[in-house]
Amino acid sequence: MNPITRRKLLTTGLAATAGAAGLITAARLARKYGLIPPDHSVLYGTGETLTYACQRVLTADRPLHDFPRSMISKQPFMNEIGKLPDAFKASQAVNFSDWRLTVDGLVDHPLSLSVADLRGLAMRSQITEVACEEGWSYVAEWIGTPLSLVLREAGLKPEVRYLAYFSIQPSWWESIDISEALNPGTLVTWAMNDGDLPVGFGGPLRLRVPRQLGYKSIKFLTRITATDSMKHFGKGLGSPSPEDGYAWYAGI
């Protein structure tokens, strides 16, 4: 990705363009600086590109909104998770002692980490909101291992631009760009509030992406793949979300 400063962004007009001609100009500038999201080809792709490019440049260093402990939701909303595969139930029966998170793709050292392995790495705790477009937002304390530390163990190759990550539920996967992956607030979580991460909230492992909407924080995490392109994953839009009318980049 070519470097672009806030000053250059503003002077070229990407942050303030309006109308059809402006959107076309914005898309060209975004392409020049490598800020094209995987779902740029969908119906509202130009708008998605403009949103992604502007937020990536203007809010890249925005600090995480950490809530006070007094604001932790007393009854956090546990949305429906659907039928879990037999492999999940078998792992649950042994208290997830056999659960593994694999890290593969464009890495120097592919990993297979147990929950205990992750707990042995550096820990971070943060009180953040799961923000949902559909209204079931809540605040909780999330405890886990910064994803950046896991990626450091794996050794990312220089060409990596995205991480695709997968749930034990076969149809559930997402992806984020490497900037989001390396943000200190992006966690592989294994605990919540006062105990282990409950199954209803994604236990034993959930990738928590607090700077994006809740659907980016998938539950029952099993695999992370480093890649230079999303073209060969699903329909090439970065995740199933754009196929259902949601944006790939879900910044809040």
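In the predicted model, strand S5 (residues 162-167) and strand S10 pair in the antiparallel sense, with six bridges between them. Within this pairing, Tyr 165 of the model stands opposite Ile 224 in S10. Strand S10 covers residues 221-227 and also runs parallel to strand S1, to which it is joined by four bridges. Two of the facing positions along S10 are Arg 223, which has Thr 102 opposite, and Thr 225, which has Asp 104 opposite. Strand S10 is largely enclosed by the rest of the structure, because six of its seven residues are buried.

Strand S1 (residues 101-105) has a further pairing, with strand S2 (residues 111-113), in the antiparallel sense and over three bridges. The connection from S1 to S2 is a hairpin of five residues. Leu 101 has Leu 113 in S2 as its bridge partner. Strand S1 is thus described by two pairings, one antiparallel with S2 and one parallel with S10.

The aromatic side chains form 14 pairs. One of these joins Phe 166 and Trp 173, with 5.9 Å from centre to centre and 25 degrees between the planes. The pair is classed as stacked because planes under 30 degrees apart count as such. Both partners are buried: Phe 166 has a relative accessibility of 13%, and Trp 173 has one of 9%. Each value leads to the class of buried because the limit is under 20% relative accessible area. The ring of Phe 166 has a second contact, with the charged end of Arg 223, which sits over the ring at 4.0 Å from its centre. Arg 223 is also the residue in S10 that stands opposite Thr 102. Elsewhere, Tyr 52, Tyr 162, Trp 248 and Tyr 249 form one aromatic cluster.

The largest pocket has a volume of about 550 Å³. It is lined by 20 residues, of which Asn 79, Trp 172, Tyr 215, Ser 241 and Tyr 246 are the closest to its centre. By residue class, the lining of this pocket is made up of seven nonpolar, six polar and seven charged residues.

Helix H6 (residues 147-154) is mostly covered, with six of its eight residues buried. The buried residues of H6 are Leu 147, Ser 148, Leu 149, Val 150, Leu 151 and Ala 154. Ala 154 lies in H6 and has a relative accessibility of 0%, so it counts as buried. Between the C-alpha atoms of Ala 154 and Pro 110 the distance in space is 5.8 Å, although the two residues are 44 apart in sequence. Just after H6 comes Gly 155, which takes a positive phi of about 75 degrees.

Positive phi values also occur at residues other than glycine, among them Phe 96 and Asn 193. Most residues other than glycine have a negative phi, and most peptide bonds are trans. Phe 96, with a phi of about 60 degrees, is found in the loop between helix H4 (86-93) and S1. Its relative accessible area is 12%, so Phe 96 is buried. Asn 193 has a phi near 55 degrees and is placed in the loop between strand S7 (187-192) and strand S8. At 22% relative accessibility, Asn 193 counts as partly exposed, because the class of buried requires a value under 20%.

The peptide bond that joins Gly 203 and Pro 204 is cis, with an omega of about 15 degrees. Pro 204 is located in the loop between strand S8 (195-196) and strand S9 (206-208). Strand S8 therefore borders two of the loops described here, since the loop that holds Asn 193 lies between S7 and S8 and the loop that holds Pro 204 lies between S8 and S9, by the numbering of strands from the N terminus.

Key:
Residues numbered from 1 in each chain as written. Predicted model: local features only at pLDDT ≥ 70, side-chain atom pairs only at ≥ 80, totals over all residues. Heavy atoms only, no water. Phe/Tyr/Trp six-rings, centres within 6.5 Å; stacked < 30°, edge-to-face > 60°. Buried < 20%, exposed > 50% of the residue type's maximum accessible area, 1.4 Å probe, protein only. Lys NZ or Arg CZ within 6 Å of the ring centre and 35° of its normal. 1 Å grid on protein atoms, 1.4 Å probe; cavity = no way out; pocket = protein on both sides within 12 Å on 5 of 7 lines; lining within 4 Å. Points joined across faces, edges and corners; volume = space filled by probe spheres on them. Nonpolar A, V, L, I, M, F, W, Y, C, P; charged D, E, K, R; others polar. Pairing = 2+ DSSP bridges.
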